[in-house]
Every structure is written in C-alpha cells, then in structure tokens.
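Q: Please take a close look at a single part of this model and describe it in connected prose.

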Amino acid sequence: MIKESIEEAINTQANREFYSSYLYLSMAAYFESINLKGFGNWMRVQVQEENFHAMKMFDYVIARGGRAKLLPIEAPPTEWDSPLKAFEHTYEHEQKVTGLISNLVKLASSEEDYATYNMLQWYVKEQVEEESSASEILEKLKMIGEDKNALLMLDRELAQRVFNPPVVTE
Ligand code: OFO
C-alpha cells in the first residue's frame with residue numbers, strides 16, 4: 001500500500017506531465033499556424049511522450065493500491081514570439097520538470113518508499129534525454145538566426161520524428 005503523501009505527490013506530478021502534454025500540443029498549434037509543420041510534428045510526438053510519462057505514474061499509483069486522481073490541467077500559453085522563444089520555453093520547462101522529479105526522489109527517500117524511489121529512476125534518466133533533445137534544437141535555432149533556408153531545413157529534419165514508446169525496465 002502506498003503512503004498518502006507519496007500518492008498525492010505522484011498524482012500531482014502526473015498532472016504536471018499532462019500539463020507538459022498540453023503545453024507541447026499548444027506549441028504544435030503555434031508551429032503549424034506559421035507553416036512549420038515539421039516543428040509541429042516534433043511537438044505532436046512530444047505530446048505522446050508526455051502522455052506516456054503521465055500514464056506511467058497513473059498506472060503506478062493504481063498498481064500500489066492507491067487512487068489515481070485527475071486534477072485540473074492548467075491552460076498553456078498559446079503564442080510565442082518565434083521558434084527560438086518556443087524552444088527556450090521548452091528547454092526551461094524540461095529543466096523545471098527535472099527539478100520536480102528530483103523533489104519526488106527526495107520525498108521517496110525520506111519516506112523510505114524504495115519501490116517509488118526505483119520507479120522514479122526511470123524518470124531521472126528520461127529527463128536527461130528530455131533536456132538534451134530540447135537543448136539540441138535550441139542550439140540549432142540559435143545558429144540559424146534569421147536564415148530562413150536553414151530554418152526550413154531544420155523543419156524538414158523535425159518532420160522525421162516518430163514516437164517510439166520508451167522501453168520501461170524499472
Ligand atoms: Fe518532458 O518530460 Fe515529462 O514532463
């Protein structure tokens with residue numbers, strides 16, 4: 001049986017993961033509104049990643065005999081000044097999520113809930129990937145600057161992204 005403090009914290013984090021999904025879906029709408037369909041595709045795949053992150057927590061709470069509770073999802077912003085600004089936001093957001101996961105790890109450890117501690121190690125690794133993929137695109141956008149041809153080339157590259165459900169080993 002899961003402790004109430006842990007159940008509540010994981011339900012809250014699942015809500016933040018659903019918010020991440022909303023945020024990236026809103027970014028997909030933004031990119032598609034400015035005809036950058038490849039960027040839109042990248043964000044749509046990111047939405048699937050975030051739903052996976054949320055559902056893994058939802059399933060975990062249930063598997064531990066707890067109650068998965070759905071909380072209201074905050075409305076995300078709808079506009080960004082440029083692709084660069086959207087990716088600055090993406091990278092900052094992922095760093096924030098890494099901090100939230102670290103807090104959960106600390107809580108699991110202080111509550112001596114080692115099953116939760118182990119489950120969270122998957123998210124610790126996943127956040128390394130999440131930060132690195134956002135930062136890679138952000139750095140490319142900084143290099144691109146005002147070069148429209150280079151931006152369209154990056155758009156074509158991002159159109160190739162497909163969702164591969166992450167392999168869950170923990
Ligand atoms: Fe983007 O990693 Fe979950 O929130």
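Which element gives the most to the lining of the largest pocket, and with how many residues?

A: In this predicted model, helix 4 gives the most to the lining of the largest pocket, with 3 residues. Helix 4 covers residues 114-144, which is 31 residues. From its first C-alpha to its last, helix 4 reaches 46 Å, close to the 45 Å expected at 1.5 Å a residue.

Both ends of helix 4 can be described. At the N-terminal end, Asp113 acts as the cap, with a side-chain oxygen 3.4 Å from the backbone nitrogen of Ala115. Just after helix 4 comes Gly145, which takes a positive phi of about 55°.

Gly145 is also one of the residues that line the largest pocket, and others in that lining include Leu141, Lys142, Ile144, Glu146 and Asp147. The lining also includes Asp81, Ser82, Pro83 and Leu84, together with Lys148 and Leu151. Besides helix 4, helix 3 (83-110) and helix 5 (148-158) each give two or more residues to the lining. By type, the lining residues divide into 5 nonpolar, 2 polar and 5 charged. The space in this pocket is about 210 Å³.

Helix 4 has a part in the nonpolar interior as well. The largest nonpolar core has 22 residues, and Ile137 is among those with the most contacts inside it, as are Met27, Phe31, Phe39, Met43 and Phe87. Helix 4 gives two or more residues to this core, as do helix 1 (4-33), helix 2 (37-63), helix 3 and helix 5. The largest share, 7 residues, comes from helix 1.

Definitions and conventions
Residues are numbered from 1 along each chain as its sequence is written. This is a predicted model: local features need pLDDT of at least 70, side-chain atom pairs count only at pLDDT 80 or more; totals for chains, interfaces and linings use all residues. Side-chain values use heavy atoms; hydrogens and water are left out. Helices (H or I, at least four residues) and strands (E, at least two) are DSSP runs, numbered from the N terminus. The expected span of a helix is 1.5 Å times one less than its number of residues. A polar contact is a pair of N or O atoms within 3.5 Å; within protein, one must be able to donate a hydrogen and the other to accept it, and residues adjacent in sequence count only if both atoms are side-chain atoms. On a 1 Å grid over the protein atoms alone, a cavity is a set of points where a 1.4 Å probe fits but cannot get out, and a pocket is an open set with protein on both sides within 12 Å along at least five of seven lines; lining residues have an atom within 4 Å of a point. Grid points are joined across faces, edges and corners, and a volume is the space filled by probe spheres set on the points. Ala, Val, Leu, Ile, Met, Phe, Trp, Tyr, Cys and Pro count as nonpolar, Asp, Glu, Lys and Arg as charged, and the others, Gly among them, as polar. A nonpolar core is a set of buried Ala, Val, Leu, Ile, Met, Phe, Trp, Tyr and Cys residues joined through side-chain atoms within 4.5 Å. Buried means under 20% relative accessible area, exposed over 50%, partly exposed in between (1.4 Å probe, protein chains only).
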